[in-house]
Amino acid sequence: MARNMLNIAKYTRTLLQRPQIRHYSEASAQFPKITTHYTIHPRDKDPRWGEVDMERFVDEADLLIVGGGPAGLSAAIRAKQLAAEKGQELRVCLVEKAAEVGGHILSGACLDPVALNELIPDWKEQGAPLNTPVTHDKFSYLTESAKLPIPIFPGWPMDNRGNYVVRLGHVVAWLGQQAEALGVEIYPGTAAAEILFHEDGSVKGIATGDVGIGKDGAPKDTFARGMELHAKTTIFAEGCRGHLSKQLMGRFGLNAENDPQTYGIGLKEVWEIKPENHKPGLVEHTIGWPLDKNTYGGSFLYHLNEPTPLVAVGFVVGLDYVNPYLSPFQEFQRFKTHPKVRDTFEGGSRIAYGARALNEGGFQSIPKLTFPGGCLVGCGAGFMNVPRVKGSHYAMKSGMLAAESAFEAIVSGATQEKVGLEPKDYPDRIKESYVWKDLYKVRNSRPSFHTGLGLFGGVAYSGFSILVGGREPWTLHHGSPDHTRLKPAKECKPIEYPKPDGKLTFDLLSSVALTGTNHEGDQPAHLTLKDDTVPVKNNLNIYDGPEARFCPAGVYEYVANDEGGNMKLQINAQNCIHCKTCDIKDVTQNINWVVPEGGGGPAYNGM
């Protein structure tokens with residue numbers, strides 16, 4: 001499917017350039033309705049919903065946490081620890097959209113245990129799945145045929161001594177067990193679909209998603225209303241580009257004083273390789289080929305210490321790339337064919353695949369963290385150290401600090417101006433922590449890649465900045481958001497990618513099959529369009545349909561529209577792996593990702 005996109009798009013441009021006399025009915029046929037979701041087509045104006053009982057059951061907690069990743073679970077654990085220490089009753093509820101805790105987690109991952117040491121000092125005795133201490137680091141620049149080593153000095157960001165190669169989904173599942181043992185109420189398979197507000201505008205909690213809505217947007221016989229969860233304080237830990245966090249940023253102006261967030265997409269595979277190629281604890285990173293000097297990105301290759309010889313391999317592409325013909329998935333596949341890389345995988349078998357967007361904005365892109373009734377933590381707040389390729393320990397630490405602040409706000413009895421309690425000293429706690437200090441030191445590394453020298457200028461400047469410990473008396477900026485960076489297709493050269501061989505490189509759909517992703521088929525697509533005509537009129541006509549290439553799961557596909565005599569966008573929502581790339585990179589921000597029914601999405605096993 002993906003391989004046909006280029007030819008289809010060229011055919012479409014020819015059709016669109018033909019002079020046509022269009023009547024209204026013909027225009028409707030050319031741009032058929034795609035989006036049926038109630039966030040675009042409100043149900044109060046739909047007669048099919050007139051007799052439906054829309055009352056929700058209500059439950060109340062002291063502290064509500066949205067998202068069961070490293071940040072959310074660390075917040076939950078820390079809150080219950082504090083309650084036990086102070087002899088306080090504290091009801092902590094956590095909702096997670098994945099069917100199982102850890103099921104939507106995807107990361108490299110090379111984990112710095114600093115936050116875990118603070119949260120659960122006896123984690124080794126408690127059986128935390130940190131089985132692979134880093135034994136050796138390698139960092140290289142790839143040309144088309146060569147691999148040139150770059151030195152790693154002690155204390156530099158790429159120095160991974162003391163860290164662990166982990167399967168982060170397994171670590172998160174273990175954190176979930178620790179949280180439940182402390183009395184945290186965890187509700188997996190529960191999608192937070194709506195933010196609830198008090199009359200004074202402060203956050204009241206969330207509503208979970210309705211189920212039993214047909215693909216056409218009408219209620220089915222199985223329709224069941226979601227429930228409301230109210231709390232004194234709500235911590236949003238949705239991860240990168242959380243859809244509720246995005247709403248909060250807009251409503252409360254949380255981005256008024258920071259740079260726009262910039263992102264990357266990380267694609268990952270897990271392989272079982274030949275034992276003679278396996279070196280548990282080896283950590284390798286590369287920059288350079290197959291990307292050009294003006295496209296930010298690089299690879300990782302981590303050797304795990306598991307019962308079978310497993311490696312995690314991945315590729316990250318900055319979403320500020322400019323060529324609409326670039327496919328992050330295809331660049332990842334091409335990377336594995338490098339003569340200094342492919343030997344690791346030959347004779348092995350690929351057992352898992354996935355992808356997830358990640359924050360790359362760093363210090364300059366941190367938003368205001370609190371608002372009446374709650375706060376943002378983890379990747380939802382942008383706590384990611386790009387030169388270190390790490391963010392999980394910052395996510396955990398931010399969750400812990402937010403829990404400490406929220407706990408004090410809840411139990412102190414101090415009055416606030418709003419009903420929803422704001423953890424007001426949480427930003428100060430962050431600024432006093434290593435999270436803030438670390439991100440400040442490396443603040444100029446990522447934006448330094450935006451010069452005309454591209455990769456080479458960025459590497460040179462980053463080396464200088466690291467040498468001076470980030471003490472340079474200036475701060476570079478990221479510039480315009482990622483979605484504004486694409487150039488029109490006519491200004492760019494199409495990229496011809498090699499065909500997959502099925503052994504080392506693979507096609508998109510067989511890769512998506514390894515994610516285990518699944519959604520109820522008869523529900524409105526959760527990839528919503530604010531305007532159904534934009535994909536063809538704008539994206540296809542000007543940019544040659546980039547969504548068919550930047551999506552790592554084959555969700556977006558341009559197909560022949562027989563009724564309209566043109567092409568139309570088809571959204572294969574069941575393929576979605578919740579990476580959020582489309583929500584970030586769509587040129588006009590016409591795509592808005594919202595949660596599907598709870599439990600849908602990928603079923604990652606330790607990704």
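Visitor: Is His578 buried or exposed, and what is its relative accessible area?
Guide: In this predicted model, buried means under 20% relative accessible area, exposed means over 50%, and partly exposed lies in between (1.4 Å probe, protein chains only). His578 counts as buried, because its relative accessible area is 3%.

Visitor: What pLDDT do local features need in this model?
Guide: Residues are numbered from 1 along each chain as its sequence is written, and side-chain values use heavy atoms, with hydrogens and water left out. The model is predicted: totals for chains, interfaces and linings use all residues, side-chain atom pairs count only at pLDDT 80 or more, and local features need pLDDT of at least 70.

Visitor: Where does His578 lie, and what is its phi?
Guide: Helices (H or I, at least four residues) and strands (E, at least two) are DSSP runs, numbered from the N terminus. His578 sits in the loop between strand E23 (566–571) and helix H15 (581–585). Most residues other than glycine have a negative phi. The phi of His578 is positive, near 60°.

Visitor: Which residue in the loop between strand E13 and helix H6 has a positive phi although it is not a glycine?
Guide: The loop runs between strand E13 (228–236) and helix H6 (243–252). The residue there has a phi of about 60° and counts as buried, at 18% relative accessibility. The residue is Arg241.

Visitor: Which three residues supply 45% of the area that domain 1 buries against domain 2?
Guide: The domain assignment, whose bounds come from an automatic or database source, gives domain 1 (40–129 + 166–258 + 367–443) and domain 2 (482–486 + 501–593). Their contact (heavy atoms within 4.5 Å) takes 13 residues from domain 1 and 15 residues from domain 2. About 1100 Å² is buried between them, 50% of it from carbon and sulfur atoms; buried area is the accessible area (1.4 Å probe) lost by two parts on being put together, summed over both. On the domain 1 side, the three residues that supply more than any other three are Ile40, Lys215 and Arg241.

Visitor: How many Å lie between the C-alpha atoms of Ala525 and Lys215?
Guide: Ala525 is in the loop between helix H12 (508–513) and strand E21 (527–529). Leaving aside neighbours within four places in sequence, Ala525 is in contact with His37, Ile571 and Ala573. Ala525 and Lys215 are 310 residues apart in sequence, but their C-alpha distance is 7.1 Å.

Visitor: Which residue gives the backbone oxygen that lies 3.2 Å from a polar side-chain atom of His243?
Guide: His243 is in helix H6 and counts as buried, at 6% relative accessibility. Beyond four places in sequence, residues that His243 touches include Glu238, Lys580 and Trp593. A polar contact is a pair of N or O atoms within 3.5 Å; within protein, one must be able to donate a hydrogen and the other to accept it, and residues adjacent in sequence count only if both atoms are side-chain atoms. The backbone oxygen belongs to Ala192.

Visitor: Why do the buried residues of helix H10 line one face, and what arc do they span?
Guide: Helix H10 covers residues 434–441, and its buried residues are Tyr434, Val435 and Leu439. Directions are taken from the helix axis to the C-beta atoms. The buried residues of H10 line one face because, seen down the axis, they fall within an arc of 125°.

Visitor: Which residue caps the N-terminal end of H10?
Guide: Helix H4 (114–119) and helix H8 (392–411) are among what covers the buried residues of H10. At the N-terminal end, a side-chain oxygen lies 3.2 Å from the backbone nitrogen of Val435. That oxygen belongs to Ser433.

Visitor: How many residues of helix H7 are buried?
Guide: Helix H7 spans residues 328–335 and is mostly covered. Its buried residues include Phe329, Phe332 and Phe335. The count is 7 of its 8 residues.

Visitor: What is omega for the cis peptide bond between Trp289 and Pro290?
Guide: Most peptide bonds are trans. Pro290 is in the loop between strand E15 (282–288) and strand E16 (297–303). The bond that joins Trp289 to Pro290 is cis, with omega about 10°.
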